[in-house]
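Please open the model in your viewer and keep the selection tool at hand; the stops below move from one selection to the next.

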Amino acid sequence: NLSHKKYAETVALGCKIFERSKALLHGEYPFFASIQVGLKTVVCTPDNPVTETMATDGKHLWYNPIWVATQTREEIMGVLCHEVLHITQHHNLRKENRTHGKWNYACDYAINPILKDADIPLPEEALIDEKYSGKAAETIYNLFPKEKEGKELEKTKKEEREYVQTQLSDVVLRPESTFKTFLKNTDKKVKLKKVKDIRNKV
């Protein structure tokens, strides 16, 4: 099992990457920084697991430091820009009575191509599909097969959890320098889902 010390070291690394990325945002992408600066930052913890990655409701910006620790500063800046676009596109107000998870997917597919076209880096697992490029989130939502919001999504999540448990059964987190090297050589799918694995073990 992962020790509290190793967990704390990883959280500290994630917080450091987040704060540095947020500071660099002002120089690299001032428009996005001018909006992001008005959000109240909240760090996710096992007791407050709002998101496994990063999320916003237009007033708060939640981030999971364990996940942030698996990304580069450039990618985190890209995710910050991504969250700002959720706000400028009024996605929370446009949701209406749509299913939350499915709506969030549709919004991601709508805004990520905008960032890609602007050469703003995003994590490798970012949702991008050319067939949705240039379409509004409402249109994309209606294009999704109905299976995407129900049992099919739950089945995918279960398969990913089982995959991670198999791959990470013997993983022990290391100090910062070695940890970064380990992450570079680790399958991206494993890295993304390490958040849940760590939370379950601590």
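Begin by selecting Thr 56, which stands opposite Leu 61 in E3. This is a predicted model, in which local features need pLDDT of at least 70 and side-chain atom pairs count only at pLDDT 80 or more, while totals for chains, interfaces and linings use all residues. Residues are numbered from 1 along each chain as its sequence is written, and side-chain values use heavy atoms, with hydrogens and water left out.

Extend the selection to E2 and to strand E3 (residues 60-63), which run antiparallel and are joined by three bridges; two strands pair if DSSP finds at least two bridges between them, and strands (E, at least two residues) and helices (H or I, at least four) are DSSP runs numbered from the N terminus. Then show the whole open sheet, whose three strands follow the order E1-E3-E2 with mixed pairing. Strand E1 (40-43) and strand E2 (54-56) stand at the edges with a single partner strand each, so one side of each has no neighbour in the sheet.

Next, add H1, which lies across E1, E2 and E3 and runs at about 140° to E3 (angles run from 0 to 180 degrees between N-to-C directions, and axes are lines fitted to C-alpha atoms, for helices over the stretch in contact). H4 also packs on the sheet, touching E2 and E3, and its direction makes about 25° with that of E2.

Finally, select Ser 21, which lies in helix H1 (residues 4-28). Is Ser 21 buried or exposed? Ser 21 is buried (under 20% relative accessible area; exposed is over 50%, partly exposed in between, with a 1.4 Å probe and protein chains only), because its relative accessible area is 0%.

Notes: Contact = heavy atoms within 4.5 Å.
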